[in-house]
Amino acid sequence: MSKRLFYEEPYLQEFKGKILEKVKIDGKPALILDNTCFYPTSGGQPNDLGYIQGVSIVDVIESNEKIIHVLKEGIKEECGDTVIGKIDWERRFDHMQQHSGQHILSAAFEKLWNADTVSFYLGDKICTLDIMKDNITSEEIKKAEILSNNIVLENKSIEVYLVNQERANELNLRKIPPQKEDIRIVEIKDFDICACCGTHCGTTGEVGLIKILKWEKRGVKIRLDFICGKRSLKDYYWKNELIKNISNKLTIKDSELGEAIDRMLEERKEIRKELKEFKEKLQDYEVRNLINESSLKDDGIKIINKVFKEKNFQEVRELVQKIINLDESVVVLTGIKSKGEGEGVKILFACSRALRYDMNGLIREAGKFIEGRGGGAPNFAQAGGKRVEGIHEALDFALTNLKDFVKK
């Protein structure tokens, strides 16, 4: 069994250990030492990283009470040799801040609303906390943050010690683990006491700012995303810089941003409404113009034969739909060249519902000229292909052979 120095001295950053075993984990070299500062992944807290004899550690795991250090590459030292280990202190202290912050936050929700903690996850950037609560409001989030950060400012001591099962039953623990051996207790003076196997700060003041970023309902639980300490400072820095830049560009005070954005959104809504009305009027004009410029067959049917280059496919669809709805004796044969290179080509054939042309059959044949496939309804069909240069051939075929595609 490896001696766990991270429990005895969580602030220890460098240590000496004797190699007990050299093993392989998934093909990677690994060491088991007689003692270690490296914390293995456990209880929602990720493992420590760092170096042994200057070689990077890629993982730390616990198996059968042994702590296994997985290395990036092997080292020359053998069993019985002493090695030097150095932990990544920035990562360790970050984990201590997040984990201790979680204890404070969990206790706050329990004290305020008797909301038990269900699970905790310490991620690389964001931590999550699941609590048993039907719903939660912004005001309740704010109240929990205020209580939690007041505990931080009071700089209460965080004590870690072992108790037996009998003593654990006497303590007002948030949750008692089922283990028979001694239980490790983390106590925040006059605020919280619970069983935990993670590494923690020595005082609540070291945790730094506790900030809940967002929350959502997950079944019968509420999931909170939160950060503490240096993570909170980084979050504050970029958000403050963003607000400052936006305020400068809009030449307003940062305190006026909310009101200014609401006003801008309302203005944008009105502009979009006006733009939509303008586009519809422009489209109506274009529809009438295309009908007026159409060629006339002997039987009085109007033919619109056109390739669009500056419109997207959806715009052309809407335009064609309006044309066949407005005129009872019109046939539309259109092609659309995509604006971007290599995006292919589309053709769209349609006719007024009163006419008996088979646009579905016509487009299947015409689509061969653009090396494409398609189909649709008898009066409205479309096809897409990759042979852009075949678009005029497709339309010419449709115009010449239209008389052969009549529904019986």
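Before we start, one term: when I say two residues are in contact, I mean that they have heavy atoms within 4.5 Å. Hi everyone, and thanks for coming. What you see above is a predicted model, so please keep that in mind as we walk through it.

Let's begin with Lys-133. This lysine sits in the loop that links strand 10, residues 127–132, to helix 3, residues 138–153. Is Lys-133 buried or exposed? Its relative accessible area is 12%, and because the cut-off for buried is under 20%, Lys-133 counts as buried. What surrounds it? Setting aside neighbours within four places in sequence, Lys-133 is in contact with Trp-113, Ala-115, Glu-140, Lys-217, Val-220, Lys-221 and Ile-222. There is a local link too: the Lys-133 side chain reaches the backbone oxygen of Asn-135 at 2.8 Å.

Staying with helix 3, have a look at Ala-144, which lies in that helix. Ala-144 is buried, with a relative accessibility of 0%. Beyond four places in sequence, its contacts are Ala-108, Phe-109, Leu-112 and Trp-113. You'll recognise Trp-113 from the list for Lys-133. For a sense of distance, Ala-144 and Gly-123 are 21 residues apart along the chain, and their C-alpha atoms are separated by 21 Å.

Next, His-69, in strand 7, which covers residues 66–71. His-69 is buried as well, at 0% relative accessibility. Which side chain makes a polar contact with the side chain of His-69? That would be Thr-36, at 2.8 Å. Thr-36 is also one of the residues that His-69 touches more than four places away in sequence; the others are Pro-29, Ala-30, Leu-31, Leu-33, Phe-38, Ile-52, Ile-57 and Asp-59.

Now for some helix packing. Two packed helices are described by the angle between their axes and the distance between the axes. Take helix 6, residues 257–292, and helix 7, residues 313–326: their axes come within 10 Å and cross at roughly 60°. That makes the pair oblique, and the crossing is right-handed. Helix 6 brings Glu-280, Gln-283, Asp-284, Glu-286, Val-287, Arg-288, Leu-290 and Ile-291 to the contact, while helix 7 brings Glu-315, Glu-318, Leu-319, Lys-322, Ile-323 and Leu-326. Sorted by class, that contact has six nonpolar, one polar and seven charged residues.

While we're on helix 7, let me point out Arg-317, which is located there. With a relative accessibility of 28%, Arg-317 is partly exposed. Leaving out neighbours within four places, its contacts are Leu-348, Phe-380 and Gln-382. With Gln-382 there is a side-chain polar contact of 2.5 Å. And how far is Arg-317 from Asp-81, C-alpha to C-alpha? The answer is 77 Å in space, with their positions 236 residues apart in sequence.

Our second pair is helix 8, residues 359–366, with helix 9, residues 391–401. These two pack at an angle of about 140°, and their axes are 9 Å apart. Why oblique rather than roughly antiparallel? Roughly antiparallel would need an angle over 145 degrees, so helix 8 and helix 9 are oblique to each other. Their crossing is right-handed. On the helix 8 side we have Leu-362, Glu-365 and Ala-366, and these meet Ala-394, Phe-397 and Ala-398 of helix 9. By class, this contact has five nonpolar, no polar and one charged residues.

That's my tour. Happy to take questions!

Notes. Residues are numbered from 1 along each chain as its sequence is written. This is a predicted model: local features need pLDDT of at least 70, side-chain atom pairs count only at pLDDT 80 or more; totals for chains, interfaces and linings use all residues. Side-chain values use heavy atoms; hydrogens and water are left out. Helices (H or I, at least four residues) and strands (E, at least two) are DSSP runs, numbered from the N terminus. Buried means under 20% relative accessible area, exposed over 50%, partly exposed in between (1.4 Å probe, protein chains only). A polar contact is a pair of N or O atoms within 3.5 Å; within protein, one must be able to donate a hydrogen and the other to accept it, and residues adjacent in sequence count only if both atoms are side-chain atoms. Axes are lines fitted to C-alpha atoms, for helices over the stretch in contact, and angles run from 0 to 180 degrees between N-to-C directions. Angles under 35 degrees count as roughly parallel, over 145 as roughly antiparallel, 65 to 115 as roughly perpendicular and the rest as oblique. A crossing is left-handed if the near helix is turned anticlockwise from the far one by less than a right angle, and right-handed if clockwise. Ala, Val, Leu, Ile, Met, Phe, Trp, Tyr, Cys and Pro count as nonpolar, Asp, Glu, Lys and Arg as charged, and the others, Gly among them, as polar.
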